[in-house]
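The following note is offered to a colleague who wishes to read this model at the level of its helices and selected residues. The points are numbered for ease of reference.

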Amino acid sequence: VDCQQESLRGNCHVAPSVRRPTDRQQIDGLFLVFPKRRPLHKERKMDRPTLFDIPIDNVRMDEAVCLILERAQECSGEKERFSQVSFVNADCANIAARNTRYHQVLQSSTLVFADGIGMRIAGRCLGVPIVDNVNGTDLFPQLLTAAATSGLRVFLLGGRPGIAAAVQSWIERDYPHVTVVGVEHGYFRAD
């Protein structure tokens, strides 16, 4: 993947959301898990302002794709380590304001992208201009395109039973060079 490339855009047909489940919470979205590494903002000169005490990786969409791929490529082969990529929209920020545990999860994420016009407006009002609307809906097809060319494999986790499998079918149809190594719904038991 050429991370200097201006854009890695693909065509979007499915709109999975990206969220991390809590112990007892059922989720309707999908999330991606990548091996963990040191926080990117400490290694690179990146704009990482905070909005509502949530650090935001303030990058363009193509830069977000490259950051995720770099992370996955650097840590392939490591075991029992992961990175969390979070997409924060206005609703997430409001939930984080009321839910300390969720707020901590967002603060500890390896990458946090501003998702939606609400975050852009909030950034403007607070003097923190948001570079781009980096949302999972638009990022996911670009990430699949880049994964296909870099040989990275994908595991789909989350959603109601059947959602991840439907996304797998969509990937197999529209991104035949992407290897999906597994799918699992997001309804977890407390044990």
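1. How many helices and strands does the protein have? The model, which is a predicted one, contains seven helices and seven strands. Read from the N terminus, the order of these elements is β-α-β-β-α-β-α-α-β-α-α-β-α-β.

2. Two figures describe the protein as a whole. Of its 191 residues, 46% are buried. Among contacts with a separation of 6 or more, 76% join residues that are 24 or more positions apart.

3. Helix 3 spans residues 90–98, and its buried residues are Cys92, Ala93 and Ala96. Why do these residues share the same side of helix 3? They occupy an arc of only 100 degrees around the axis, and therefore lie on the same side of the helix. As a general point, an α-helix has 3.6 residues a turn, so residues three or four places apart point the same way. Ala97 and Arg98, on the other side of helix 3, are exposed.

4. Against which elements do the buried residues of helix 3 pack? Their partners are two strands, strand 3 (54–55) and strand 4 (83–88), and two helices, helix 4 (100–108) and helix 5 (117–125). The N-terminal end of helix 3 is capped by Asn89, which places a side-chain oxygen 3.0 Å from the backbone nitrogen of Asp91.

5. Two helix pairs deserve separate comment. In general, a packed pair is described by the angle between the two axes and the distance between them. For helix 2 (residues 61–74) and helix 6 (residues 136–150), the axes come within 10 Å and cross at roughly 45 degrees. The two helices are therefore oblique to each other, and their crossing is right-handed. Helix 2 contributes Met61, Ala64, Val65, Ile68, Leu69 and Gln73 to the contact, while helix 6 contributes Asp138, Leu139, Gln142, Leu143, Ala146, Ala147 and Ser150.

6. Helix 6 also meets helix 7; the axes of this pair come within 12 Å and cross at roughly 50 degrees. That angle makes helix 6 oblique to helix 7, and the crossing is right-handed. On helix 6 the contact is formed by Phe140, Pro141 and Leu144, and on helix 7 by Val167, Trp170 and Ile171.

7. Is Asn135 buried or exposed? This residue, located in the loop between helix 5 and helix 6, has a relative accessibility of 7% and therefore counts as buried; the cut-off for that class is under 20%. The Asn135 side chain reaches the backbone nitrogen of Thr137 at 3.2 Å. Leaving aside residues up to four places away in sequence, Asn135 touches Met61, Phe87 and Asp115. Met61 is also one of the helix 2 residues in the contact with helix 6.

8. Asp174 belongs to helix 7, which covers residues 163–174. With 26% relative accessibility, Asp174 counts as partly exposed, because that class lies between the limits of 20% and 50%. The C-alpha atom of Asp174 is separated by 9.5 Å from that of Pro141, a residue 33 residues apart from it along the chain. Pro141 is itself among the helix 6 residues that contact helix 7.

Key. Residues numbered from 1 in each chain as written. Predicted model: local features only at pLDDT ≥ 70, side-chain atom pairs only at ≥ 80, totals over all residues. Heavy atoms only, no water. Buried < 20%, exposed > 50% of the residue type's maximum accessible area, 1.4 Å probe, protein only. Helix = DSSP H or I, 4+ residues; strand = E, 2+ residues; numbered from the N terminus. Arc of directions from axis to C-beta. Contact = heavy atoms within 4.5 Å. Polar contact = N/O pair within 3.5 Å; in protein donor to acceptor, adjacent residues only side chain to side chain. Axes fitted to C-alpha atoms, helices over the stretch in contact; angles between N-to-C directions. Parallel < 35°, antiparallel > 145°, perpendicular 65-115°, else oblique. Left-handed = near helix turned anticlockwise from the far one by under 90°.
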